[in-house]
Amino acid sequence: EGIKDLDNDNGELDKFLTRNCKFCSSLSLDENIVYGYGNKKPEIFIIIESPSKVDIINNKLLSGAAGKLMDKIFLAIKRNRKKHVYITSLIKHKHENNRNPLVSEISWCLEHLNKQISILKPQMILMLGNVVPRFLLKKENKIDDLRGEMHVYYNIPTYITYHPISLIKDEKLKLLVWKDFKTIKYFLKNK
């Protein structure tokens with residue numbers, strides 16, 4: 001028993017780390033928990049805020065149209081989810097009415113997230129959207145002010161960009177995200 005016995009990349013690490021979580025165990029099964037997944041030695045550790053409705057239906061983070069777009073972006077920088085990426089969320093369940101997570105909810109989840117990072121030891125962290133950097137980096141700035149430069153979280157180089165769903169809603173953001181991923185590719189190449 002233990003983390004060293006986890007061979008698969010389909011959520012076991014998240015499940016293992018949250019097995020004694022008082023917050024997660026207080027949720028009923030219908031409250032839509034979706035666990036992280038990916039390569040156990042990732043180049044890129046992606047953190048999103050929480051699962052979307054589509055993620056819940058598919059029981060997989062970054063699925064549906066947003067996931068397909070993310071896969072195209074990875075392909076463009078010669079990466080893919082299976083070999084290079086681990087994807088997790090700040091909060092493991094979907095919020096009612098798509099509200100932002102409460103500080104109390106994040107405090108429960110933060111310990112598990114930091115354990116994931118220390119176990120997986122990614123080369124870099126990629127935070128998608130506004131909410132994740134606000135809570136983890138304590139940055140109140142808008143994403144436009146945060147992207148374009150490297151930050152540090154948990155002693156790991158960290159980059160911030162738009163969530164792919166934002167690109168679907170506003171195609172003008174695609175050029176900005178492409179610039180971000182060229183920076184990420186350059187960083188990984190020179191790491």
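In this predicted model, E140 and R134 form a salt bridge in which the closest N and O atoms are 3.9 Å apart, a separation that still qualifies because the cut-off is 4 Å. E140 is exposed, with a relative accessibility of 61%, whereas R134 is partly exposed at 25%. This pair is one of 6 salt bridges in the structure.

Another of these bridges joins the side chains of D180 and R147, with 2.8 Å from N to O. Since D180 belongs to helix α10 and R147 to the loop between α8 (143-146) and β5 (151-153), the pair ties together parts that lie 33 residues apart in sequence. Both partners are buried, D180 at 1% relative accessibility and R147 at 17%. The side chains of D71 and R81 also meet in a salt bridge, at 2.6 Å from N to O, and this contact links helix α4 with helix α5 (residues 81-84) across 10 residues. Here D71 is partly exposed at 36%, while R81 is buried at 11%.

Helix α4 and helix α10 return in the aromatic contacts, for among the 3 aromatic pairs of the structure is the edge-to-face pair of F74 and F181, whose centres are 6.3 Å apart and whose planes stand at 75°. F74 lies in helix α4 (residues 64-76) and F181 in helix α10 (residues 173-189), so this pair ties together parts 107 residues apart in sequence. F74 is buried at 0% relative accessibility, and F181 is likewise buried at 1%. The rings of Y153 and Y154, with centres 6.1 Å apart and planes at 35°, form a tilted pair, in which Y153 is buried at 8% but Y154 is partly exposed at 39%.

Key: Residues are numbered from 1 along each chain as its sequence is written. This is a predicted model: local features need pLDDT of at least 70, side-chain atom pairs count only at pLDDT 80 or more; totals for chains, interfaces and linings use all residues. Side-chain values use heavy atoms; hydrogens and water are left out. Rings of Phe, Tyr and Trp (its six-membered ring) pair if their centres lie within 6.5 Å; planes under 30 degrees apart count as stacked, over 60 as edge-to-face and the rest as tilted. Helices (H or I, at least four residues) and strands (E, at least two) are DSSP runs, numbered from the N terminus. Buried means under 20% relative accessible area, exposed over 50%, partly exposed in between (1.4 Å probe, protein chains only).
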